[in-house]
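User: Hi! I have a structure open and would like some help reading it. Could you walk me through it?

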Amino acid sequence: MVLKLYGFPISTCTRTVAATCKELNIPYEFINVDLAGGEHKTAEFTAVHPFGQIPYIDEDGFKLFESRAISRYLAKKYAGNGPKLIPTDPKEEAIFEQGVSIESFNFYPSAIGYAKEKVFKPMFGLTTNEERAAEHLETLNAKLDAYDVLLGKQKYIGGNEYTLADIFHLAYALAVVEAGQGGLFESRPNVARWWEEISNRKAWVDVIEKGV
Amino acid sequence: MVLKIYGFPFSTATRLVVFVCKEKQIPYELITIDLFKGEHKQPAYTKFHPFGQVPYIDDDGFILFESRPIVRYLLKKHASQGTQGLLPTDPQAEARAEQALSIEASSFDPNVSGIVAELYFKPQRGLSTDEANLARLKETLNEKLDAYEVILGKQKFLGGDSITVGDLAHAPYGTLLETVGQGEFFTSRPNVARWWKEVTSRPAWEAVKAECVL
């Protein structure tokens with residue numbers, strides 16, 4: 001039975017899993033979850049995903065949620081299918097994990113926080129909290145200064161090879177660009193070099209242009 | 001050379017690393033970085049940790065920062081000693097353990113750390129609590145813990161029926177949440193309360209609380 005990916009076409013987390021699948025040539029069936037109709041909050045859905053979020057996968061009855069956990073599981077299972085998205089040498093793996101953690105705690109919160117205020121809230125007719133948006137922007141600037149130092153010493157966020165640590169940045173970095181702050185990446189030479197490369201990976205471009 | 005942990009005794013991230021060292025019987029030396037004096041923002045420190053945060057480790061010259069990668073690295077390096085099963089190797093068990101770690105990182109940590117910041121760290125720095133933000137964070141944490149209550153009614157721990165590092169990762173910030181008078185988040189939910197007691201009554205966690213003081 002082919003892997004089933006339950007999500008939403010423009011959801012950041014769904015796109016993250018789709019990008020992982022495409023990098024590793026993993027066939028999957030995308031099943032749309034009707035967010036507008038509240039499908040993710042129904043008893044049937046929360047029986048599988050108690051947090052009522054997307055995405056989740058169903059692999060022949062084995063169900064898993066949390067996009068980063070899903071991506072890790074698939075990257076390990078299909079390790080031979082494409083680029084090595086999780087290193088196996090202990091120290092390289094540790095540096096990879098460092099990169100994954102950097103994304104979760106030093107990028108994601110302010111990136112998504114800013115995008116939420118400036119893009120998602122207006123999309124749903126809600127008012128931007130400009131003070132909070134400004135705080136997120138200030139944090140993001142400080143974090144990206146550290147990114148520029150890090151990316152001056154190593155090619156990618158998780159070491160010298162492209163890994164899941166970079167994939168995990170894609171959808172949230174795109175949200176920052178869509179919120180009009182692409183200059184944050186472009187103005188920092190090492191960050192600019194890294195962003196230019198990862199945002200042009202074929203698998204990611206396919207997700208954006210052809211859909212999940 | 002013994003493992004060196006550069007951190008702060010009350011830092012939640014530092015405490016997670018010490019917790020895992022104790023579970024796995026890994027000897028370590030905890031070197032205190034003076035956060036109050038801004039030592040973590042000085043070039044001598046940021047040379048090793050570009051984000052200027054605590055902790056980082058020096059394992060015989062191998063430098064690593066971010067507490068969760070540090071504990072993963074230590075768990076894999078010292079797999080055969082101490083508490084077993086904290087990071088399973090069977091693919092599906094590992095996936096569920098990863099799911100638990102991700103739940104902690106995305107659903108627990110941001111909300112709990114936000115609540116603690118509003119109730120404790122901000123006042124400590126002379127800033128006023130943002131009541132609207134605090135209310136929002138509490139509401140979100142309540143929703144998340146309602147989901148925990150469902151999960152923990154079906155299995156003993158967040159990743160399955162055995163304890164994994166994803167459960168342990170809750171101890172530092174969860175304990176801080178109790179310290180600022182918000183323990184009801186745990187006590188008001190029977191399954192969560194049972195799980196919380198199990199995680200925090202572990203001898204290794206008791207040892208962390210006793211040892212990691214100034």
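Analyst: Happy to; we can talk about how the chains meet, then about some aromatic residues. One thing to keep in mind is that this is a predicted model.

User: Okay, how many residues does each chain bring to the contact between chain B and chain A?

Analyst: Chain B brings 35 residues and chain A brings 32 residues. Together the two chains bury about 2900 Å², with 60% of that on carbon and sulfur atoms.

User: Why give an area for that?

Analyst: The accessible area lost when parts come together is often used to state the size of an interface.

User: How many salt bridges are there between chain B and chain A?

Analyst: There are 5 salt bridges between chain B and chain A. Arg132(A) forms a salt bridge with Asp130(B), and their closest N and O atoms are 4.0 Å apart. There are also 11 residue pairs in polar contact between the two chains, counting pairs with both residues at pLDDT 80 or more.

User: Which parts of chain B supply at least two residues each to the side that touches chain A?

Analyst: Those are strand E4 (62–65), helix H3 (67–77), helix H4 (91–124) and helix H5 (131–154) of chain B. H4(B) gives the most, with 13 residues. By type, that side of chain B has 15 nonpolar, 7 polar and 13 charged residues.

User: Could you show me one residue from helix H4 of chain B?

Analyst: Sure, take Glu94(B), which is found in that helix. Glu94(B) has 14% relative accessibility, so it counts as buried, the cut-off being under 20%. Apart from neighbours within four places in sequence, Glu94(B) is in contact with Lys76(A), Pro88(B) and Thr89(B).

User: Switching to chain A: how many residues of helix H3 there are buried?

Analyst: In helix H3 (residues 67–77) of chain A, 9 of the 11 residues are buried, so the helix is largely enclosed by the rest of the structure. Among them are Arg68(A), Ile70(A), Tyr73(A) and Leu74(A).

User: Now the aromatics. How many aromatic pairs are there over all chains?

Analyst: The count is 26 aromatic pairs over all chains. In one of them, the rings of Tyr6(B) and Tyr56(B) have centres 4.7 Å apart and planes at 15°, so this pair is stacked. Tyr6(B) lies in strand E1 (residues 3–7) of chain B and Tyr56(B) in strand E3 (residues 56–59) of chain B, so the pair ties together parts that are 50 residues apart in sequence.

User: Are Tyr6(B) and Tyr56(B) buried or exposed?

Analyst: Both Tyr6(B) and Tyr56(B) are buried. There is also a tilted pair: the rings of Phe51(B) and Phe65(B) have centres 6.2 Å apart and planes at 55°. Phe51(B) sits in the loop between helix H2 (43–46) and E3 of chain B, while Phe65(B) is in strand E4 of chain B, 14 residues apart. Phe51(B) is buried with a relative accessible area of 7%, and Phe65(B) is buried with 4%.

User: Which residues form an aromatic cluster with Phe65(A)?

Analyst: Phe65(A) is in one aromatic cluster with Phe51(A), Phe108(B), Tyr148(B), Phe186(B), Trp195(B) and Trp196(B).

User: Where is Phe65(A) found, and what does it touch?

Analyst: Phe65(A) is found in strand E4 (residues 62–65) of chain A. At 5% relative accessibility, Phe65(A) counts as buried. Not counting residues up to four places away in sequence, Phe65(A) touches several residues, including Val48(A), Pro55(A), Ile70(A), Gln99(B) and Ile103(B).

Note on methods. Residues numbered from 1 in each chain as written. Chains lettered and ligands numbered in written order. Predicted model: local features only at pLDDT ≥ 70, side-chain atom pairs only at ≥ 80, totals over all residues. Heavy atoms only, no water. Contact = heavy atoms within 4.5 Å. Buried area = accessible area lost by both parts, 1.4 Å probe. Salt bridge = Lys/Arg side-chain N within 4 Å of Asp/Glu carboxyl O. Polar contact = N/O pair within 3.5 Å; in protein donor to acceptor, adjacent residues only side chain to side chain. Helix = DSSP H or I, 4+ residues; strand = E, 2+ residues; numbered from the N terminus. Nonpolar A, V, L, I, M, F, W, Y, C, P; charged D, E, K, R; others polar. Buried < 20%, exposed > 50% of the residue type's maximum accessible area, 1.4 Å probe, protein only. Phe/Tyr/Trp six-rings, centres within 6.5 Å; stacked < 30°, edge-to-face > 60°.
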